[in-house]
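Dear colleague,

I am handing over the structure below, and my notes on what was found in it follow underneath. Please read them with the sequence and the structure side by side.

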Amino acid sequence: MENKELFSKIYGCFLGKSIGGSIGGEFEGKKEFLKISYKLPDKILPNDDLDLQLVWLDILKKKGIRITSLDLAEGWKKNIDYPFDEYGVAKANLKIGLNPPITGIYNNWFYNCMGAPIRSEIWACIFSGKPEIAGHYAYIDSSVDHWYEGVYGEIFLVVLESIAFIENDIEKLIIKSCEFLPEDSKIRKVSEMVLKLYKEGKSLEEIREKIIEKFGHYNFTDCVQNIGFIISGLLFGKGNFLKTIIDSIKCGYDTDCTGATSGAIIGIILGKEEIEKQVKTKIDERIIAGWGIKDVYVPENINDLTEEILKIKEIADKEKDLPKIEKPFKLPEINDFEKPLNIEFEISEVFKFDEVENLRNKIINGDYNNFKKFLTDSFYIPTEKIFNGKNGVIFLKTKIKNEKRRKIKFFPSSNDGIKMWINKKLVLSHHFHNHFLPAPHRPGSPIIEEEIDKGEYEILIEVSKCNNDLEFAFILADERNHLIYDFWKKGVM
């Protein structure tokens, strides 16, 4: 491929990424089928989809092409400040000394989400036409904060994007990319299903409904459904830049990610000049970095970003024996490892709902003596096992020893009723049957923020279980929503 064409495709990739993310940002989290005009965004928005890849670019500039997951993990610690979902879990895990891939799975309810698939483009551009090598870099990247489908999602997209530099047929791209995943991968299954339904003549809305029926998850950032929407947009877009992006976004859910990724893929296929020809207007080409990255080089515009990637690519092309993934790629087994947290609770027996009113004050005042000790290495508590099939109420009691005055967000996350007392003071009470989403930054999370002094604090939590499958976690975070582990790291309590 000539340098001019390569430049055009890399430029098109990140131009599509920027435009798609900016269009989709307005609709993020909406779960209905959306009605959207086929037009460019009013302005370019910052997007963590691109931000994290700027950190990877900075690492490659400083350390060269033969990096490992440990180099990327170092970038997470030094240069990334986003606390969102799997990002926040990975940062907390790294802070207490864990390394990838343990950081991607330990205490991580979000390991199947979109945070890794959305940052595949840099590897695809550097290793254009070399999907096996691109896949390896996607693996060491995604394993820092994901596992299972979260890893398969980035590998699938990086392979598709890498091959897109030399293959323009969307159907062939989907088929070839699926070959890199094991047959039981949900990413592979949803992609093959979408392609089959498309060839049968189903509409975009019909395929969307089938994706949700077969692979839907209430968490809008779950990657399986969203990659299904990306594939749908690519097929229905039929080579039209804006239609590809907006048909992906119309499916809803994680729309900034689906728009950005479909935009990047069609951008590779079309290239800079064809995109400009189609949209027929001047495009904002600035790089607008978000607040969550720091101390890294941020190119001024997409032209400069493309030039920087080409410099890295030139170095990579001269290297021999770079690591590759096998086809199909299967995740390695994770051996048992020493868990770094040591959380001690006292747990009551299961009470019937009509018993609690008479017992609550007795328990709060310390006059109940039938607590049993429960040790756990995770803040996700197996409450279903504790309730043993019964409905009712249990009480959990624990202590934290605080070493300095600070603000703390106390987050007993549950999909059922919760009451919480700190040193016998009621600070939180609700009884919702919402979906379980253990992320302190998510809107609507029932959190109490308290500024506490140095000292010891007793936490009492009343957990209700109605007829649903109960999920529960006791999470602490700072005022910026970064998870706090230091109360429970082994050797502290």
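**A buried residue in α14**

A good place to begin is D256, which is found in helix α14; please keep in mind throughout that this is a predicted model. D256 has a relative accessible area of 7%, and because buried means under 20%, it is counted as buried. Its C-alpha atom is separated by 7.0 Å from that of I23, although the two residues lie 233 places apart along the chain. Leaving aside residues up to four places away in sequence, D256 touches G20, G21, G24, G25, E28, N47 and D49.

**Helices α12, α13 and α14**

The helix that carries D256, α14 (residues 255–279), also meets helix α12 (residues 223–237), and the axes of these two come within 9 Å and cross at roughly 40°. That angle makes α12 oblique to α14, and the crossing of the pair is right-handed. On the α12 side the contact involves N226, F229, I230 and L234, while on the α14 side C257, T258, T261, S262, I265 and I266 take part. Sorted by character, the residues of this contact comprise six nonpolar, four polar and no charged.

How many of the 10 residues of helix α13 (residues 241–250) are buried? Nine of them are, so α13 is largely enclosed by the rest of the structure. The buried residues are F241, L242, T244, I245, I246, D247, S248, I249 and K250, and they pack against α1 (3–24), α11 (204–215), α12 and α14.

**Helices α2 and α3**

Another pair to look at is helix α2 (residues 48–63) with helix α3 (residues 69–79), whose axes come within 10 Å and cross at roughly 120°. This makes α2 oblique to α3, and the crossing is right-handed. The contact is made by L52, V55, W56, I59 and K63 from α2, together with D71, L72, G75, W76 and N79 from α3; its residues divide into six nonpolar, two polar and two charged.

**An open sheet**

Four strands form an open sheet in the order β3-β10-β5-β8, and the pairing is antiparallel. The edges are taken by β3 (380–381) and β8 (448–452), each of which pairs on one side only. Within the sheet, strand β5 (residues 406–414) and strand β10 (residues 472–477) run antiparallel and are joined by six bridges; in one of the pairs, S413 has A473 in β10 as its bridge partner.

**Backbone points to check**

Most residues other than glycine have a negative phi, and most peptide bonds are trans, so the following places may catch your eye as you go through the model. A cis peptide bond with omega of about 5° joins P100 and P101, and P101 is found in the loop between α4 (85–95) and α5 (102–105). A cis peptide bond also joins K327 and P328, with omega of about 0°, and P328 lies in the loop between α15 (302–318) and β1 (343–347).

Positive phi values, near 55°, are found at K280 and at N388, neither of which is glycine. K280 sits in the loop between α14 and α15 and is exposed, with a relative accessible area of 73%. N388 has its place in the loop between α17 (383–387) and β4 (392–402), where it is exposed, with a relative accessible area of 61%.

With best wishes

Technical notes
Residues are numbered from 1 along each chain as its sequence is written. This is a predicted model: local features need pLDDT of at least 70, side-chain atom pairs count only at pLDDT 80 or more; totals for chains, interfaces and linings use all residues. Side-chain values use heavy atoms; hydrogens and water are left out. Two strands pair if DSSP finds at least two bridges between them. Axes are lines fitted to C-alpha atoms, for helices over the stretch in contact, and angles run from 0 to 180 degrees between N-to-C directions. Angles under 35 degrees count as roughly parallel, over 145 as roughly antiparallel, 65 to 115 as roughly perpendicular and the rest as oblique. A crossing is left-handed if the near helix is turned anticlockwise from the far one by less than a right angle, and right-handed if clockwise. Contact means heavy atoms within 4.5 Å. Ala, Val, Leu, Ile, Met, Phe, Trp, Tyr, Cys and Pro count as nonpolar, Asp, Glu, Lys and Arg as charged, and the others, Gly among them, as polar. Buried means under 20% relative accessible area, exposed over 50%, partly exposed in between (1.4 Å probe, protein chains only).
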